[in-house]
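Reader: I should be grateful for a close look at a single part of this model, namely the arrangement of its copies about the rotation axis. Please then extend the account to the packing of one pair of helices.

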Amino acid sequence: MSDAASAWDRMANRSPAVLFIDECLRGAGQVIFQNSPLTGLFFLLGIWWGAAVAGQIEVAVGATIATMIATATAIVLRSNQESLREGLFGFNGILVGAAVPTFLGNNWAMWLLLILGAAIVTVVFLAVSNVMKTWGLSAMTFPFVLTTWFLMLSAYQFQHLHITTLAAPAFAHQGTFPALKGSAMDYIEALFKGPAQVFLINNAVSGVLVVIGLLLNSWYAAVFALVGSAVAIITAIIFGADPHSVFNGLYGFSPVLTAVGLGCVFLTPSWRVTLYALLGIVFTVIVQAALDAGLSPLGIPTFTGPFNFATWLFLLPRVNLRPEPHTQIRGGIVGEHHEHPVTQNRPAL
Amino acid sequence: MSDAASAWDRMANRSPAVLFIDECLRGAGQVIFQNSPLTGLFFLLGIWWGAAVAGQIEVAVGATIATMIATATAIVLRSNQESLREGLFGFNGILVGAAVPTFLGNNWAMWLLLILGAAIVTVVFLAVSNVMKTWGLSAMTFPFVLTTWFLMLSAYQFQHLHITTLAAPAFAHQGTFPALKGSAMDYIEALFKGPAQVFLINNAVSGVLVVIGLLLNSWYAAVFALVGSAVAIITAIIFGADPHSVFNGLYGFSPVLTAVGLGCVFLTPSWRVTLYALLGIVFTVIVQAALDAGLSPLGIPTFTGPFNFATWLFLLPRVNLRPEPHTQIRGGIVGEHHEHPVTQNRPAL
Amino acid sequence: MSDAASAWDRMANRSPAVLFIDECLRGAGQVIFQNSPLTGLFFLLGIWWGAAVAGQIEVAVGATIATMIATATAIVLRSNQESLREGLFGFNGILVGAAVPTFLGNNWAMWLLLILGAAIVTVVFLAVSNVMKTWGLSAMTFPFVLTTWFLMLSAYQFQHLHITTLAAPAFAHQGTFPALKGSAMDYIEALFKGPAQVFLINNAVSGVLVVIGLLLNSWYAAVFALVGSAVAIITAIIFGADPHSVFNGLYGFSPVLTAVGLGCVFLTPSWRVTLYALLGIVFTVIVQAALDAGLSPLGIPTFTGPFNFATWLFLLPRVNLRPEPHTQIRGGIVGEHHEHPVTQNRPAL
């Protein structure tokens, strides 16, 4: 640990205000699984840069405020201290705070919804964590996805909320897209827009800041993030996705998270795991396209749903698990207290 | 316990017929979590009054018959006696029985569907109970919601069933509603229509009967029901919901259930719990608006889905839970028998 | 066991190639819960016959290749040997391989998607198995359903995939169908098209081959398959379903699986279980109609989803389960390590 980091930690241990800032910065960092305030600071810088360039400063303000509200809600609820200290209560809040002003008009009702959403997402995070822990899984960003789906859909029924950039609800139809024409620079921008779009920011410089943030905490994470973005671009092009979406990083943000999650956070890095993660990345691109079509009649974005579904499905297998065979259930519909999965110990992957 | 109640209990213990009636009345009462035959009787009176006034007596007949079929199915399946005695096998049936004739035309096919639905909902109740028990949760009214969604959707494909009052499937669109103009009486009616709409009845007198039924068993429940209805009206108005829906109690029925469930049934009443329940009520209103928009392309109502989702999400948090951190899963994709949530004992909320 | 079967088993134990073929054939058989290579061979014959007659040989080729890829993926992942030996890793793959060429045009992108889907479905099978094992349930064909929903929906966004026979996304509307006019032969064909449509084959001779395959391993399974198909036809006609769908076995394929699953695979055959299975079959028909309407805006088929949902719901009840009563949760939102379902031992159904 560097001297500056040690000094920061000592300050956090002495001052509740610094501790709170530390927890919020780690919360930003945990969006891509990094328990580091410096990484979180770079992620926030990426958001502020992208929002400022796009003339949507409310997105950066919303993200910052929502991180604080989500973290504060966890404190008020007297949640697990260790998890608070790791920033686990901030990373869903920051995404709610970035999403709400991105899709709804900037007025008092939007801010009220954002504040409520940031408090509620902490409750939803604890709820989803409790459910997923049954299978040894993290809640990841699904609490953000679920909560924000509710917030966006509710805007259709609440006239004081103004939908600005949600696509109008429509049936999916077989797409026909313009020919793929991109310069080398377009591809490089797309590569970095993937990590930026994790935070709903369409800006390559923001993506560079995000990758630098990752690099400062974990080489593995930075490499897997770029691998995820690159493989997603290639997969989307092979199957003939809309070039406009590809170049704006819209096929890349979920695979970036899948790549880091499978490649080096939840599984131990190895060649075998890397191949497994590659299949997971390709699957995430398919799920991204599927949810884009599937949510089209509702007029809401997928957010990072494709990452959550694909990564959960790729972490749930236990290859030494004996699936329930097609034989009679003990006790039939009367029931018997079933036992938990009998697993055999085998050499680890 | 009053003398009349004691006498009734003695009769129930002697006569199987009285016992069955007792179980059905408690089943009606359990819709709002009350294990009391007298409360259930008032709820049924509310349904009969509202159905009679609306000229839809088949709704009351359906609700009554379905309670009996659902309870009888549980007996035939030899379900847990203690739960039967508390009316836990009737409260989903009564709602199926009220919903089917509300939305489908009165003919033999509707009654056949109602009878099948009332038997099936008991199976679904046992199924959902088994799943939710994993996290210490009750099935609540979700078995009714799930089963009735299937029944309603099936009507689109079965020409002997006639859809009467389902909204035609359509895309959600940003609503613009008339100005909010309501007399004091309109607000008072709306306050009581919330509890009435729990039973799909649009009648303030029925709501008064429901609240009296609650009062007779639990002051807390009656107060929280009215608080839930009032807070829902205020929240819906603040965000600019359709006044027509607000005044008909359509934003109130799910929050009424959330309020009673969080405020005094599943959590121990306190100021802290009350504040938590208030956030839950507001969230239920948001989920109500969201599901109204989200189910719009399917042309089916939300039923009490918003209550189920919001209340489950607000009961699932265990603040002493250590969420899965973003670290490597033991055993990776090979798997290891994971242990259950390690919880630390802390003072109760 | 016949001499031929014994000889085959000896060969499988000696030769890895024969063992792999054996696992793939059993994989085909496990679609209807049969752990028998001979049964699987008849199912494959049914697919090849039906595909050849329909001039869609790519469906049979796809089904065969996908069974091998799904099984090989399980081997590469070093999955549980015993389950591999029973063919549990092939039965979802074969269905993915039959579905993809049925609904997408025959080009290189379709085959790439099919190969990826067949590998991914093994991961999804392990994932769903891990989740459902919590309640003592098998994953059944849901991994196929979920994976193929993703594959089909993604085709809307990928222009190199060509949607051929998916129904265009549309709102459900109350159907009015032509009068039911069918000869005795039409009804007999419909009876056998149910089992054939399990494999997405619209051909009565294929259905006969499927039933013969069942007969060779289990009289019970063959009888329940035909009972499921017959009861489904009757139920659909009573409620007024589209005769065209009924005569093409489209109301029968899920009930066939429900009937075999509930009637003789997961529950011990008895009169009581048979009555329970009959209610489950009727429910499956209702769910089939409901999902047909519910998926209509997405333009994707239900596949065997109705079977999965209905059968899970009918296997989940534990009648000796004490559902969570409507009382205070120990520890409230602070939480306490809840215990697992306390079940009482009662005489088996």
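**Rotation axis and helix packing**

Author: In this predicted model, the residue of chain B that comes closest to the rotation axis is B:Pro297, whose C-alpha lies at 4.1 Å. The rotation in question superposes chain B on chain A by a turn of 120 degrees, with 0.0 Å of shift along its axis and an RMSD of 0.0 Å. As for the surfaces used, only 17% of the interface residues of chain B are also interface residues in chain A, so these copies meet through different surfaces.

Chain B and chain C may be considered next. A rotation of 120 degrees, with 0.0 Å of shift along its axis, superposes chain B on chain C at an RMSD of 0.0 Å. The two copies are therefore related as by a three-fold rotation axis. Here the copies again use different surfaces, since 13% of the contact residues of chain B recur in chain C.

Within chain A, helix H9 (residues 184-197) and helix H10 (residues 204-217) have axes that come within 7 Å and cross at roughly 65 degrees. Because angles of 65 to 115 degrees count as roughly perpendicular, H9(A) is described as roughly perpendicular to H10(A). The crossing of H9(A) past H10(A) is left-handed. H9(A) contributes A:Glu189, A:Phe192, A:Lys193, A:Gly194, A:Pro195 and A:Ala196 to the contact, while H10(A) contributes residues including A:Ala204, A:Ser206, A:Gly207 and A:Val208. By character, the residues of this contact between H9(A) and H10(A) comprise seven nonpolar, three polar and two charged.

Key:
Residues numbered from 1 in each chain as written. Chains lettered and ligands numbered in written order. Predicted model: local features only at pLDDT ≥ 70, side-chain atom pairs only at ≥ 80, totals over all residues. Least-squares fit on C-alpha atoms with pLDDT ≥ 70 in both. Contact = placed C-beta atoms within 7 Å. Axes fitted to C-alpha atoms, helices over the stretch in contact; angles between N-to-C directions. Helix = DSSP H or I, 4+ residues; strand = E, 2+ residues; numbered from the N terminus. Parallel < 35°, antiparallel > 145°, perpendicular 65-115°, else oblique. Left-handed = near helix turned anticlockwise from the far one by under 90°. Nonpolar A, V, L, I, M, F, W, Y, C, P; charged D, E, K, R; others polar.
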